[in-house]
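Work through the three exercises below with the sequence and the 3D structure open. Each task is followed by its solution.

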Amino acid sequence: MSEPDNTILRLPDQSTARVPKKNFITAEDGLLSWLLTGDHKRIAMLYLISITVFFFIGGAFAGLIRLELLTPQPDLVASDTYNKFFTMHGVIMVFLFLVPSVPATLGNFLMPIMLGARDLAFPKINLLSWYLYVVGGIMVLTTMVLGGVDTGWTFTTPLSTHYLNTHVVTTGLAVFVAGFSSIFTGLNFIVTIHRMRCPGMTWFRMPLFVWSHYAASILMVLGTPVLAIAIVLVMLERLFGIGVFDPTKGGDPLLFQHLFWFYSHPAVYIMILPGMGVISEVISTFSRKRVFGYTAVAFSSVAIALFGFFVWEHHMFIMGVSNYSALVFSLLTMLVAVPSAIKIFNWSFTLQQGSITFETPMLYAFGFMGLFTIGGLTGVYLGSLGMDIHLTETYFIVAHFHFVMVGGMLMAFLAGVHFWWPKMTGRMYPETLSKMAAVITFIGFNLTFLPQFILGYLGMPRRYHAYPPEFQILNVLSTAGATVLGIGYMLPILYLAWSLKYGPVAGDNPWQATGLEWQIQSPPLTENFTEIPIMDHEAYDYDWLEHKTKPEVTTVG
Amino acid sequence: MDNATATSETVMEHEAHEHVYVPQHRHHFETEQQQREAGSFGMWLFLLTEIMFFGGLFFAYLLYRNWYYDAFVAASNQLSVPLGGANTAILITSGFFMALAVWAAEVRKKQMLVWTLVFTTLFGIAFIGIKYVEYKEKWEKHHIPGASFDVSEFINPPIDAKTGKPSQNPLPPDVAQHTQIFFFLYFAMTGMHALHMIIGIGLLFWLIGRAQRGDFSAGYVAPIENFGLYWHFVDIVWLFLFPLLYLINRHPLAH
């Protein structure tokens, strides 16, 4: 604490402080006690480990893709192999990392605590969801070992049903299984929010993290089954040639697109909404202010979930859909920008006249706000029909969704992991190093993906492993950026692992935050609360926190 | 309990039962009622996901029925309305016994609960049996979509012995090809439904075993209640499938 004015971080006196002996990690010993646990915090930890593994596998594929694109010639891998690379990258990152990233880890850990409950409504179903995730993940790895799949993560028909001889069925089954894991997570969250809130926890006293998870859960529960049936139909078409997507038998390949994107567009909101919840918590804590326009931010999450179901056709503008429906879907697509903008503006107003400090989670949150805004606005570009015809299937699209998914969601995920790390483990990570990692990630990200906007605008198509030589400079920049980005992602895993043993003891509330999760010990007890709390104040009430801590300070003094 | 009427005693007795401690109460729920509400709410949400799952198939049906109406009518006439009708009746009966079972569990009549569950199961199995007869007929006629699918019956319908005319309008070969889409949807939708029935029957055996042990005779009825929701949902899916698949020629589109 050399500069106490520049940080709100308050760690207990390290000479006396200890991590509590009794907590959810030490409650039981042995591998089986983890594999058969019903504790939402332990399941969150299991998820955290498994999604990190898959993140680095998916990241390795991204590295290989960028390496191939370093030169215009197809010199590193054959074209088929390249197709398998980007397919694996997509499948792993979308279904095994982004969808479960925040909800299954941070959400699982925090949701019951934030609501003042002892656990999620269905602990066994929660554990089942992790096992389904693992089975899905192992199936994806099996596909990889058997020789891969090259449909792209979208399984587009008739490519996936008639023209490929790779492991579409295994991958499809993996996605199907992983989908049910996500359905069960969503179902658990919705029931918990409706039925398990503690006394006094009204809907409008819930943290915005909970609201955004509620919206994402609705999408998981309503969208994922449609993906499931679409995948089942692809598998049946491949295995038995039943003709439902085969034009020669009267089937319609566009039907697959409708079914697939009916899930997969809302899926991007499944990925981003929980991240937005993290940002709300972080921005409020590090500007010492209640989130500006709490109600508007809460409802904007629900609005995004609602609008999100009615925009799927914008993935199909060039596929021969009716012009009139394209017009309507274009308009609806632009409407989604409104609730997203409400969030960005409200966070900005939260910052205004706040006592802002720049701890690591806040740096990631700033990264999120900037990058998500660029990603979101380019989405409005792509939603307009004329622009879409020029830009679709180019690197502009790739850059757009990476700005939202990686620049947005991954930044939010890292913000959240850093923010709640002291709560989850009871230990603090090294502050300077982590700030450095946040800055490296931001620089690396922009270096990787800004050139891709230009590449796409100039007409470089996605999914090819060779390109005209005039595009090389921008591609080299992008590959160089990916290297920096890779370092930015390696750093946290190293110092976070280090902090598990050597990090300073964090204490109950290192950030002086208001959430219920900060009022209990870190790491929490298995039952979370010694007695069920009574919520007698609004969310983000910093006055309440001050009054609460004052008497304690005087007695100690 | 301020107005002491004749019923107040029974009310108190009833409430005392409500608050009785059940061993199935899970530690993370504050009250037993919260646990029961959470369980049934979760079940409703699960059924919502099921609706969305079947919804994809219904959407496909809607699309292709509009595109290939003639082929759908011809193919639909291959299905046996008496068998489908019988199955509808059987399923409704099974649902009736399930409803009785839920009631029996609530009033804690153990023997009645076991027997109604047994009847629910028997009618469920009867449904699957009739479905098997129907599927077998399609197999013999080569009406299963795929490589061995045969459209000859739609191009050259068998001659009706009485009138000496084809039993239904012959379809041109390209239109007849579209009957395959109908049969695929028929098998996908009824097959998915039958799969849900089979899972349900499996669960019923488990519930019968537990009911026999007396698990649901002491105020803990959540599994019976929630399974009832599931079983009725499967019934309702059939009530949509039957008219869509079997009866579409009863009211032909004007064209």
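The exercises concern a predicted model and cover one residue, one helix pair and one chain contact.

**Exercise 1.** Locate Phe349(A) and decide whether the residue is buried, exposed or partly exposed.

Solution. Start with the secondary structure: Phe349(A) sits in helix α11 of chain A, which covers residues 323–351. Next, count the surroundings: 14 other C-beta atoms lie within 10 Å of Phe349(A). A buried residue needs 20 or more, and an exposed one has 12 or fewer. Phe349(A) is therefore partly exposed. Then list its contacts, leaving aside neighbours within four places in sequence: these are Phe292(A) and Gly293(A). As for Met276(A), the C-alpha atoms of this residue and Phe349(A) are 15 Å apart, with a sequence separation of 73 residues.

**Exercise 2.** Describe how α8(A) and α9(A) are arranged relative to each other.

Solution. Two packed helices are described by the angle and the distance between their axes. In chain A, the axes of α8 (residues 208–240) and α9 (residues 253–287) come within 8 Å and cross at roughly 160°. Angles over 145 degrees count as roughly antiparallel, so α8(A) and α9(A) are roughly antiparallel to each other. Their crossing is left-handed. The residues of this contact comprise 25 nonpolar, seven polar and one charged.

**Exercise 3.** Which elements of chain B give two or more residues to the side that touches chain A?

Solution. Take the totals: chain B contributes 28 residues to the contact and chain A 32 residues. On the chain B side, the elements are α2 (32–67) and α8 (179–213). Of these, α2(B) gives the most, with 16 residues. Finally, sort that side by class: 15 nonpolar, 11 polar and two charged residues.

Terms used. Residues numbered from 1 in each chain as written. Chains lettered and ligands numbered in written order. Predicted model: local features only at pLDDT ≥ 70, side-chain atom pairs only at ≥ 80, totals over all residues. Helix = DSSP H or I, 4+ residues; strand = E, 2+ residues; numbered from the N terminus. Contact = placed C-beta atoms within 7 Å. Nonpolar A, V, L, I, M, F, W, Y, C, P; charged D, E, K, R; others polar. Axes fitted to C-alpha atoms, helices over the stretch in contact; angles between N-to-C directions. Parallel < 35°, antiparallel > 145°, perpendicular 65-115°, else oblique. Left-handed = near helix turned anticlockwise from the far one by under 90°.
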